[in-house]
Each structure stands twice: as C-alpha cells, then as structure tokens.
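Please look at the sequence and the structure below. The paragraphs after it go through a strand and its partners, and then through a pair of helices.

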Amino acid sequence: MIEVRGLSRSFGGKVALAPLTARFGRGRVSVLLGPSGCGKSTLLRLLIGLVEPDAGSVEIDGIPLGPGTVMALRHRTGYVIQDGGLFPHLTARDNITLLARHLRWDELRIRRRLAAVTELARIDPRLLAQYPSTLSGGERQRIGIARALLPDPPLLLCDEPLSALDPITRDDLQRELKDLFGALGKTVLWVTHDLHEAAALGDDILLMRAGELVQRGSLSDLLDRPADPFVTRFVRAQHAVPAERSR
Amino acid sequence: MTAGTRHSTRRALPVRLADALAAGMPGTRARIPAMAAAIVVILAATLVAGAAPARASEPALERPQAKALVVGSKRFTESYILGEIVRRTAESAGEAAVRHEPGLGNTGIVQAALRSGAIDVYVEYTGTLAREILRLPDPDDAAALAEALRREGLAVSRPLGFNNTYALAMPAAQAEQLKIARISDLAAHPKLRLGLTQEFLGRADGWPGLRTRYGLPFRTPRGMEHGLKFGAIAAGQLDVIDVYSTDAAIERHALRVLEDDRGWFPRYDAVLLHRVGLEQRLPRTYAALRVLEGRIDDPTMRSLNARAEVGGESFAAVAAGFVARLPLPAAGTPEAAAGGTQPPSRAVADAGQASGRRSLAGTLFDADFLRLTGEHLVLVFASLLASVVVGIPLGIWCAGSPRARRWVLAAVSLVQTIPSLALLAFLIALYARIGMLPALTALFLYGLLPIVRNTCAGLESIPPALRDAAVALGLSRSARLLRIELPLALGAILAGVQTSAVINVGTATIAAFIGAGGYGERIATGLALNDATVLLAGALPAAALALAVQGLFHALEQRLLPPPLRQRSGA
C-alpha cells in the first residue's frame, strides 16, 4: 500500500505536482491519466526517488521514503519506462539480471529467477543473447518488464510503457499485462495519456491536469459524473464512446 | 612536424592572450589568475605525486654528488663538441666521475639545469651571458660580468679563445650582385627574405636591438630552426640568415658574413660557466679544465665544427682528437681515472655514429635503434598511463559538476598552450634535474586534455532516461558508474586516450632536448648537423610508431567495446 500525504514539487516556479494526498491499495492497478505535463510522471519519479519533493511524505508498505530507505524501496519496486529503458551495451539477459548480479545473488538463484520472468513476460529464450538494438520494440518492452519483475517486487511503476509500440503489439501487451499483474497480485501505478489504455487496465483512474488531481474513479464515473468540464473535454477528445468500454 | 614548427605554433596562443589582456578585453582579466591558480594546483599535485618513485628509479639522472661532474651542452654542433671536449678534459684529472648531458634544448634549459644543480658546467658565450642572462648595460665589460655572475652564485673561466659572435650571412654570389658587404647595406634592400632562429628573434642581443641599431626595414623575418636555415638558404627560400661566426656551414654553403659596421654584436667569447665552489669541490678537475683557456681559436673551432658537420665524424671522435693534443697532466688513461668513469656519453657517441654519411636504412636501424625505441615507448606509454589515471577521474568529476567542468577544462586547455620548451625549462627548475622525469611530466600534462574532455563528453552524452533507469533499478553510485556510465562512455574515452597517445608520440621527440632520449635524439642531431638522413631516421620511426599506436587502439576498441557500441567510436 502506498500513502501519499501533501506531496508536491515545482520546477523553476512551475508547479509539476500540487500538494497531493492519496492512497493506493495493495494488489490494485491504479491508472494516472492526463495530458502531457499534468504531473503524472512526476508523481512516479517522486515515488522512486528520482525527484526530491518540495513538501509532503510518501510511505510504502509502512516504510517512509527517505535517504535511508530509498535504496531498499527501489529494490522492492519495478520501474518500467517507454521502450524498456534498456542499457544498449548489455545483452537482454544481462539487462534482466543486472540488479541480481549487483546484489550478488548466487548463480542458481539468478538462473531460476531469469527463467521465471522470461516465461512471465513471454520472451523467446533465444532473444536473451541479443543486444537491445537488434530487438523489436515489443521485444524490448518485454525485456524491460522482465527486468522490473526480476526481484519479484510488490510494487510496479509503469511510465507510459507501451506508448512507443504499434497498435497491435500494444493491444496484446495491454491484455497480457493486465492478466499478469492480476495473477501476481502486484500493486501497480500505471501512467498513460491514453483513455483506452486506462480503461483496459483498471477501474481506478486518476485524471490529472496541470499538477492537480481532477477526478478519481472508474471510466463510467468520468463519463457519467464528470467533476469538471475538463473531464468531459479530455474524454471527448479521445473518442471514448461508451459502447467501446471493455468492462 | 619538426620541433621548430611545433614550438612556434604553441607560442602563438599565449601571445594572443597577452595581447587581448593588454587591450583590456572585458571579462578575461579577472579569470586569468584563477585559471593560473588552477594550473599551479594541478601541476603541483601531479609533480609531487610523480616525483618520488621516478627519483628512485633513475640513478643515471641523480643530482651530481661530491665526486661527480655533469657537463651540459646546448643543441648545436659546436656545443656538442665542446661538451665532449670538456668531459674528456675533466676526466683526465682522474678525480671525479664525469658525465655529459648533451643537447639540452636552448639557453633557458641549460641555465635552469645549471642553477638547479642538474649539471655542473657548460660552455657559454660572454655576449649571451651579458645581454641575455644578466642584461648588463655594457656587454663587453668583463669585470662587470664577473661581478654580476658572482652575485648569482656563478663563475666563468677565462675565454677559451674563439669569439663565436652572431652574424648575418647571405649567399656570396647574391651579395656580390647586390653589392652588400655590411649589415648597413641591407637597409637599401627591403625585399630580401630574412630567416632567423627563434632564439635570435627573441633575444635582447638579437634581432630587436639589431633592427633598431641599423634601422632595418624588415618587419617580419621568418622564424627558423638553426639547422634548417642552411637548407632553406641553399634552396633559395631565404636570402639572409643569422649564423654563428664559427659555423662550418658558412663555407659549405658559400655564404658571405656581413660586416657588423655599427658594432652591434658584442663579443661572444666562449667560456666555461659553472657554479661558484667548483674549484673547492674538485680542485684537480678544475685545474685541468683551465688548460682549455686560450686553446681554441676561431679557425680551430671552425675546423672542429666542419669535421663533424661536413666530414661526418662523431662529436666524440672530433673531441678526442683535440683533447689528445692538450698538455694535460698525465693521470693515466681516462678510463683508469676516478675508479668509475662512465663510457662516453651515449647520446653523443650514437649521434656521432649516425652522423656519418650513410644510407637511410643503415642509419635507421643503427645500433641505437632498440634503445631509442625503448626510450620512446617508455616516454609515450608511462606518461599516457599517468594521463589516464588522472584524466579519467577528472573527466568524471567534470561530468558531475558544471563548476568543475569549467575550471578543470580551462586549466588543462591552458596547459596545452604552454610552449613545450618553456614548460620543460620550468619543470627542470622545479625538479632540479633533467632527463626522463621532467619529460614525462610535460607529456603527462599535454596528454590530459583529450582524455578529460572525451571522458566528460562521453558521460554527458548518456541519455537521461538511461541514467534514471539505472537509479530507479536501485544501483549504487559506484555501480552505476562502473556498470553503466563508464561502459557507455568507453568509446569516447578510448578515442580520447588514442588521441593523447598519438600526440604523445610526436611530442615525445622534444624529450631529447633535455636528455631523455627517444627518437627525438636523432631529430635533434639531424637538425644540429643539418643532416636530413639522420633527421629522417628519427622522424620515420616516430611516424611509424604513431600509426602503430593508432592500430593498437583500434584493436583495443574491437576487444573492449560491446558490439552495439563499436560503430559509434570509429576512428
């Protein structure tokens, strides 16, 4: 479970995240939705310690995020970004096992865990010896997900992981990941600007604009009980016709 | 590239910088002291770090001990020969172990070496002492000269006999045709092309005073290396050059020495210059050296020079022939003296062998080839290692801190602009020694810029998303540096090290000017003797080595870089 209290951050006078208080339940997928620059990525970066907050606090499974705990919390968190964020000088295998080798896991444990995440992310084992530049976008993203899953973290932070993919690959991965996260019982925060993706992934959607949380609810809440005219405009702009709802 | 051209290009930037300062360029003024301070810090740190181990491993270049005498010489034929004559004469006393450090760059370098105790004695000229070193008002006043030297802890012998004054010379046929016999006749021919040594151009007793005294119209004489001028005048590229009046090349190239009709040039009587106290420390050696006083007149010196330059005899052989006829006290053979006399100074002996008129291939693979190659490799790779060890951390620091980046890059860039001979003179004074240590330090400093800059640029070019991914993964600072950032920057870093190495191969040739050996020994000798074969025998292996280094780094890249990164770092 993640507790966020009064968390805020500005960059050079521009508010990236207005003071936010929210709670994300264990084992749930929550979607941070909104146009670019609305503060959704900043929230993820604050949670993983890539950005320091101006004010407020974060608590993950009862552990307050701070200089003394950030390393341990990162090892309990999977972070997935666009195009996988793979290191080009390492093979797919070395990308996936990098953290385990850094933490000096024994060889057998690394091999077992590699086999497990390779299967979970549906990676053809023959790809493991390849370098990222020789893989397709979808393959790279699967490697990135396998890397994030390697330490079996209870929390996954996904920052627009699918937005660089073609529509078909993207659709497949969405479905797969939703099932995977459900099966593994991970707590997931998923950032996207795409209403369809948000709707496909879950019923806890946080719509954000200019650093502010505008409305939190399911897709039907956004459609039927918009908190403000921006909600309607955002939804309409993405042609989210009710009939298309996947629920 | 020859030492001469490098020398002049390096000189250009500080001059421009000084001009800018003089013009009051806003902003520059305040930064210079800070940059200078940064350089001093870097210099001090590296020198202190490098000094101790090098000192221990370099017995041949230890400071002279009580019973040792180190003779120095400058980088031209006459000085080489006189250095050998002094060495053999001193050895005959049988009192001290005598060694000759030949071809020590220019006046600034031998002076630094003498005052610091790295050498004990060398042959200097009274005119140079009076005007250039001591800046006396009347250069021909011997009493004032002795007094001024005494105040600086130095002393001279009585003149050795010849007066090797500066003079201007031009092809005899051309002089005849233009009816030029005296320097004052030049004023009527402003179109003549002058080529003067850099030292002559800059010295108070050289071109600036000469030009004023005679009201000469030439604005920009060309700066030339001493040994190259004769080739240039023989090829018709120059009309008037400065010469030493005992130059063997005057007769060889049929030049006319122009009369100094307004008496500008002072006497350049050759004298032995040493620190006060030599007489007390080595009385018998000192007495033997005084035998040289009045023994070498103008024709004798010219003929000794000609035997080396035209006859192709080795400096050692020329000197031995002369010393054999001196009325020296019989102290047995020189080899029996002092219990531990060293063999003839190696560079001079080798240079002498090489100076015989032989084929290029023969000269190239002469007996000294392996030694020179070994020395050159040590110069290049030992200094490169130091540049890597210091430069990569500096580059990492730069990439992490914009402040550090500004100052460190400014400092290592400024080091590049220091003329190599000036840097060497400074380092000799600092270490109080010549040879490998100052040479390695200079090469190390010149090698820093490409490595620091490429390390910094390589690290800065890593996409922010990848840095973030490494942080978010939970890697420690050191693990990120070692596993992600340095491997990603490795191509750029290797390219920087390669650049340093290739530049080092060329720059290392200047090490010969301060007795550190390497292929530069042949280049220096070739220049001094005006012998293209010897020059090439030094320049060709240096060029081949540069290519080999290039190839080595290409292979290293192929081995060290993971396949996806190989394309980027190309050549």
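**A strand in chain A and a helix pair in chain B**

In this predicted model, the side chains of β3(A) fall into two sets: A:Val29, A:Val31 and A:Leu33 point one way, A:Ser30 and A:Leu32 point the other way, and all are buried. In a regular strand, side chains alternate between the two faces of the sheet. Strand β3 of chain A covers residues 29-33, and 5 of the 5 residues are buried, so the strand is largely enclosed by the rest of the structure.

What does β3(A) pair with? One partner is strand β8 of chain A (residues 187-192), which runs parallel to β3(A) and is joined to it by 5 bridges. Another is strand β9 of chain A (residues 204-209), also parallel to β3(A), with 4 bridges. A:Leu33 can be followed into both partners: its bridge partner in β8(A) is A:Thr192, and in β9(A) it stands opposite A:Leu207.

In chain B, the subject is helix packing. Two packed helices are described by the angle between their axes and the distance between the axes. For helix α24 (residues 520-529) and helix α25 (residues 532-560) of chain B, the angle is about 160 degrees and the axes are 7 Å apart. Angles over 145 degrees count as roughly antiparallel, and α24(B) and α25(B) are therefore roughly antiparallel to each other. Their crossing is left-handed. Residues making the contact include B:Ile523, B:Leu527 and B:Leu529 of α24(B), and B:Val534, B:Leu535 and B:Ala539 of α25(B). The residues of this contact between α24(B) and α25(B) divide into 8 nonpolar, 4 polar and 2 charged.

Conventions:
Residues numbered from 1 in each chain as written. Chains lettered and ligands numbered in written order. Predicted model: local features only at pLDDT ≥ 70, side-chain atom pairs only at ≥ 80, totals over all residues. Axes fitted to C-alpha atoms, helices over the stretch in contact; angles between N-to-C directions. Parallel < 35°, antiparallel > 145°, perpendicular 65-115°, else oblique. Left-handed = near helix turned anticlockwise from the far one by under 90°. Contact = placed C-beta atoms within 7 Å. Nonpolar A, V, L, I, M, F, W, Y, C, P; charged D, E, K, R; others polar. Buried ≥ 20, exposed ≤ 12 C-beta atoms within 10 Å, placed from the backbone. Pairing = 2+ DSSP bridges.
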